[in-house]
Each structure stands twice: as C-alpha cells, then as structure tokens.
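Trainee: I'd like to learn how to read a structure like this one. Could you walk me through it?

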Protein chains: 2
Amino acid sequence: MQIIITGGAGFLGQRLATALLTSSIGFEELVLVDVVLPNKPGPDERVVCQQADLTEAGVVQTLITARTGIVFHLAAIVSSHAEKDFDLGWIVNLDVTRQLLEACRQQQPGIRFVFASSLAVYGGALPAMVNETTALTPSSSYGTQKAIGELLVNDYTRKGFVDGRVLRLPTVCVRPGKPNLAASSFVSSIIREPINGETAICPVSEELPIWMASPDTIIQNFIWAATLNGANFGSCRTVNLPGIGPTVREMLDSLERLTDKATADRVQFQPDEAISRIVCSWPVAVDSTRALQLGFSVDDDFDGFIRQFRASSKA
Amino acid sequence: MQIIITGGAGFLGQRLATALLTSSIGFEELVLVDVVLPNKPGPDERVVCQQADLTEAGVVQTLITARTGIVFHLAAIVSSHAEKDFDLGWIVNLDVTRQLLEACRQQQPGIRFVFASSLAVYGGALPAMVNETTALTPSSSYGTQKAIGELLVNDYTRKGFVDGRVLRLPTVCVRPGKPNLAASSFVSSIIREPINGETAICPVSEELPIWMASPDTIIQNFIWAATLNGANFGSCRTVNLPGIGPTVREMLDSLERLTDKATADRVQFQPDEAISRIVCSWPVAVDSTRALQLGFSVDDDFDGFIRQFRASSKA
C-alpha cells in the first residue's frame, strides 16, 4: 500500500511524513510530492520525494496508481495568496482537488482521501459558536475554494468513488521558518520571531481570540482521520478539528511567562486592515463535540504550544 | 443592453422570455440559448434564438459580450440525470457555470448574474425548518453541483466580477409537457396527466409534503431578482424563494375538488425507492423570511397552481 502526501514539502507535510513512519499504519511506500522537491524525512527507504506541479496536464493522473491506499491532500494556495491571485487559487485549490478525486475514482474506488480544509469556510454574520450545521458563507476565495473541495470530497464519497475525510483545521501555531502568505501567518510570527530574538508585527487587535491547534495535535488528528472507520462519520465526512481560543494578549502573556518581558516586547502592533478583515471573519469559537466524539485530540493550553515549538526547534 | 437566458428552450426559460418582453426591464436584445433551438416566444424582434452546446470549447466565451447586461443561468442537468450521468452533471452544472462567470468577468465586471439553484442543496439530517443559515450537506450530485455554483456566484460577486443573485427554487408545479429526469418530475405528473385524461404514477407516500411554487410566481421572482439593488442582499446573495408545502394527498384533494373523482383516481401509487430517497432528503419546510423581506412573491394555495396550469394549457 502506498501513501501520498500532496504539499509534502510544506511544514505539515514534512511533520506528517515523519509521524507516519512510526505510526501504526502499515505501508510499503510514502510519496511526498510538491512543486519544490520535498526534503527526505530521515533514512527510511519507504519514502519517495517527488518534485511535480500538480497543475500540469497528466501529472495527477500518473501520481495516483492502483497501489495508492491513502492520499493526504494538503497542497493549497493559502488565504492571502488566493485572494491576490484569484486564478491560481481556483486552479490549485479547486481543479487539482477535483483531478485528484477523479484520478482516485479511475484507479480504484475507495482510496482514503484526507482533505485539509479550513475554518475560512465560515464567514459573514456568524453565530457565537459554529459547528458542522452552520452554513458556509466564506468571505475569501480561499474559504470558498475549501468549501467547494469539501462538497466534492463528500459527493465522491457518497458515490463510493473515494473514502473521504474532511478536516477543518484551526490555525496551526507555532509554525517554524518564515512568514508565508496566509492571513494567519502572524499567529506564529508573534511567538516564533521573539523567541528567535527578532521583532514581529501583529496586524490585529490584542483582544482578538484565535482558534488554534498545535502541530503535534494536528498531525495526530490527520493520522487518526486516516485510520477511522468511514462509517463512524455518518452521512457527512466533514469535521471541525478541536482547538483552543486564546486571545493575542493571552498568547503574549504566555510568551512572557515562559521566556521574559524583553522577548514578549519584541511584538509590535501595526493594524493591517486587509489581514484584520480576513481574520475577523473567521469564527472565534468552534463547537468540537463531533470531533471529540469521533476520537480526535485537543491541546491543553497555549503554554504547551510554546514548549512544543522550543522542543522541536532544538531537535 | 442584452439579456441572455441559458436553458432558453426549457419550460422556465420560455416563460421567463415571454414575461421579460412585457416587463419593466429595458433591453435591446434577448438571447435564448440551449442545446436544442429554443422556440421564439412571439414576433418580438428583440428575441434571438440560438442553438449551442455551452460545454463546447469557446461557446461560452463568444456568448457573453460587452453588450451583455443580465444573464439568467437556468441551464442544468437535472437531479436524477446528474445522479445517473455523474460526469455530464459536473461538466454542465459546474464547469459551464464557472465558464459563464469567468466570461462575464472578462467582458465587463458587474453583469447581473441570476443563478437558478435548488433546495436539493440541502440534505442529510435537517432541522424541522431550514433557512439560509442551515449548512448544505446535499445528498445528490445535482445538489452538490448547485451548492458549488452558489459558492462560485457569491465569490465572483464579492470580488466585484459579477453582480450575482442566487435563487433556490422550490419544486415548480405544474409543469406542462412530458415527465423529465428530475426526481421531482412526478409532482407535476400527478396533476397534469390526470387533467389530460392519462394515468400518472406517484412514486412517494401520499403523506409527503412537497415545497413548491407555481411557474407564474417563479418567473415573477426571477425578474424581481434581476431588478433588485444588489446591496439589499447583504453579504450573501443566496435566497430561498418562498413556497407552500402541501402533501401529495392535499394536492390530489385539490385536484378532485377542481375536477372530479375520476380524474384524481388516475393517480396510482407505486413506491420508487430511488426517487423517494432523493425527494425525502429535501427539506419539507423552508423559512422564507429573507425572501419576503427582499420583496419576493409567494403563492396563496395549491388550488391556484391547478387553475394556473389549466389557464395556460388553454392559452
């Protein structure tokens, strides 16, 4: 059995690959595919790293084969990028997703298809607490494209063409490396940069709560999603992953507590209207009942996010 | 200004064209386009009938021009048909809709784009009453494709590329002519065929309520949608059109009252599991508050549906 991770060069793709190598999922091959050649996560000979542009004709169709058992579809044009480059967002976030589902259907019905969606599917006037019965009125092209991907995965699953699982990810924090074009990029920056001795810009109010999960918890939940019996999901395969919702202020208090005042003071507030508008359109409280009933994991508190980041930075 | 109706050979397309000719909307040209050559609704020289397959390369791109002011996008592969021919459903109901939106964007931002959606976007475990805040978990490919079309129209509208309006149509009853591949086709058959002296099959329980609107009311609401100021819709352009919800039994009682027992007795009950499953997944009660606040019209009672059908049959 072969596992494929699209977006395999990305942070979550790399972490997922590492975790899969020691997980209980048995497989012969783990393919990491991305537009840039993914790093090989250790010496395990089952890992194949492949540089490929999934938007090029025929690439998706040769990627999925009769050996494929699980696809983790993480590749995406992120929120601010999809808002700036409207056409590219639709090609990657809609067309590639659809082509992957279609390739799975053509190769063999029932491939497990784990789709990374986002709370950006929500938007507009939201109730105080959202759950899986809340209507999707996304206020970004990224959120629209993810909502459409969810509908596609569910319909392909209903028809028996794939065995889909859709995870709406909270903001993942703390990401290592550099800021990216996600509107939520600052959520990691305001912790990561100060710890690394650099200043960081916070473009939103310190009162804003952010719904988030740590990388370890997200990866654990990806693997859980892939191993769950499909029947457990009921008629809809979409799940809001659990998270916690500290405010920016509470995050910085935690940072100061676990480091020192000088570190926390490296965060400067410079309101950015475009980013604030996108981030404020996301739900601040998400009902995780369904996810917890399905056995998905949740973080304890924000201090744990910082400890996890420092531990993995040293690793 | 030019108006385009896709699905212009269909029942609603033809009725809409006739109504537009005497409406308050000023225009120079009304294009009816369909895979079969649409009939010309009367001698008005502003009407152009065009046979074209919108799925063929380049057709949509030449259809929309700088003269286009309003597009009524009614063309679709209907529910049972889309369930049987999965690929065709996606090509017509998703790809053509997307290409039309893209062609509008390329020609001139702000073309009014009226999209006919359906209550089939709802499905699964529904609350007793659905409204525009209810999550879409369609249980058919047709419903999935319409839900995706809604998301597309809303995102293109948000970006300012079109001025979209999305109408979720109740079942339209009584349609003239022959049964079609819509799962709801029987709703018209059980009235139309008996009145025409023919027997009709009812594939669902007589206790089942059907949410419906008459053709005259639907056409009135299409025109209203096209003339409304976009700002009135708020941040979401999707509206559940008003309807009434008689049971099959109440419809047949009405038929007997307005004709005679022999006519109503021409309906035979032969349960069809596939059709029942689709129809039972649709909501039975729809909150029309938003539509009524926006000024859309609603039918009085089912007797009026029968009178309207008999009057238009004689016309």
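Mentor: Let's start with the word "contact": two residues are in contact if their C-beta atoms, placed from the backbone, lie within 7 Å. Keep in mind that this is a predicted model.

Trainee: Got it. How many residues of chain A are in contact with chain B?

Mentor: On the chain A side there are 19 residues, and they are in contact with 19 residues of chain B. Helix 5 of chain A, residues 141-158, gives the largest share of chain A's side, with seven residues. By class, the side of chain A that touches chain B has seven nonpolar, eight polar and four charged residues.

Trainee: And how do I take in chain A as a whole?

Mentor: Begin with its elements: chain A has twelve helices and eleven strands. Its radius of gyration is 19 Å, close to the 20 Å that the globule rule gives for 315 residues, so chain A is as compact as a globular protein of that length. Along the principal axes, the C-alpha atoms of chain A fill a box of roughly 55 × 45 × 40 Å. You can also look at burial: 51% of the 315 residues of chain A count as buried. Then there is sequence separation. Take the contacts in chain A with a separation of 6 or more: residues 24 or more positions apart account for 77% of them.

Trainee: What describes two packed helices?

Mentor: The angle between their axes and the distance between the axes. Try helix 1 (residues 11-21) and helix 7 (residues 215-227) of chain A: their axes come within 10 Å and cross at roughly 60 degrees. That makes helix 1 of chain A oblique to helix 7 of chain A. The crossing is right-handed. Helix 1 of chain A brings Leu12(A), Arg15(A), Leu16(A), Ala19(A) and Leu20(A) to this contact, while helix 7 of chain A brings Pro215(A), Ile218(A), Ile219(A), Phe222(A) and Ile223(A). Sorted by class, those residues are nine nonpolar, no polar and one charged.

Trainee: Which residues of helix 1 of chain A are buried?

Mentor: A handy idea here is that an α-helix has 3.6 residues a turn, so residues three or four places apart point the same way. In helix 1 of chain A, the buried residues are Leu12(A), Gly13(A), Gln14(A), Leu16(A), Ala17(A) and Leu20(A). They pack against several elements of chain A, among them strand 1 (2-6), strand 2 (29-34) and helix 7.

Trainee: How about helix 6 of chain A: how many of its residues are buried?

Mentor: Eight of its eleven residues, so to speak the bulk of residues 185-195: the helix is mostly covered. Among the buried ones are Phe186(A), Val187(A), Ile190(A), Ile191(A), Arg192(A) and Pro194(A). After helix 6 of chain A comes Gly197(A), with a positive phi near 85 degrees.

Trainee: At what angle does helix 6 of chain A pack with helix 8 of chain A?

Mentor: About 20 degrees, with the axes of helix 6 and helix 8 (residues 248-258) of chain A 10 Å apart. The two are therefore roughly parallel to each other. Ile190(A), Ile191(A) and Pro194(A) of helix 6 meet Met251(A), Leu252(A) and Leu255(A) of helix 8. That contact divides into six nonpolar, no polar and no charged residues.

Trainee: Can I see a pair in chain B too?

Mentor: Sure. Helix 4 (residues 86-107) and helix 5 (residues 141-158) of chain B pack at about 10 degrees, and their axes are 10 Å apart. They are therefore roughly parallel to each other. This contact has nine nonpolar, six polar and three charged residues.

Trainee: Which peptide bond in chain A is cis?

Mentor: One joins Cys173(A) and Val174(A), with omega about 5 degrees. Val174(A) sits in the loop between strand 7 (171-172) and helix 6 of chain A. In chain B, the bond from Cys173(B) to Val174(B) is cis, with omega near 5 degrees.

Trainee: Is Pro176(A) buried, exposed or partly exposed?

Mentor: Partly exposed: Pro176(A) has 14 C-beta neighbours inside 10 Å. Pro176(A) lies in the loop between strand 7 and helix 6 of chain A. Leaving aside neighbours within four places in sequence, Pro176(A) is in contact with Phe11(A), Arg192(A), Ser312(A) and Ser313(A).

How values were computed: Residues numbered from 1 in each chain as written. Chains lettered and ligands numbered in written order. Predicted model: local features only at pLDDT ≥ 70, side-chain atom pairs only at ≥ 80, totals over all residues. Axes fitted to C-alpha atoms, helices over the stretch in contact; angles between N-to-C directions. Helix = DSSP H or I, 4+ residues; strand = E, 2+ residues; numbered from the N terminus. Parallel < 35°, antiparallel > 145°, perpendicular 65-115°, else oblique. Left-handed = near helix turned anticlockwise from the far one by under 90°. Nonpolar A, V, L, I, M, F, W, Y, C, P; charged D, E, K, R; others polar. Buried ≥ 20, exposed ≤ 12 C-beta atoms within 10 Å, placed from the backbone. Rg over C-alpha atoms; globule rule 2.2 N^0.38 Å.
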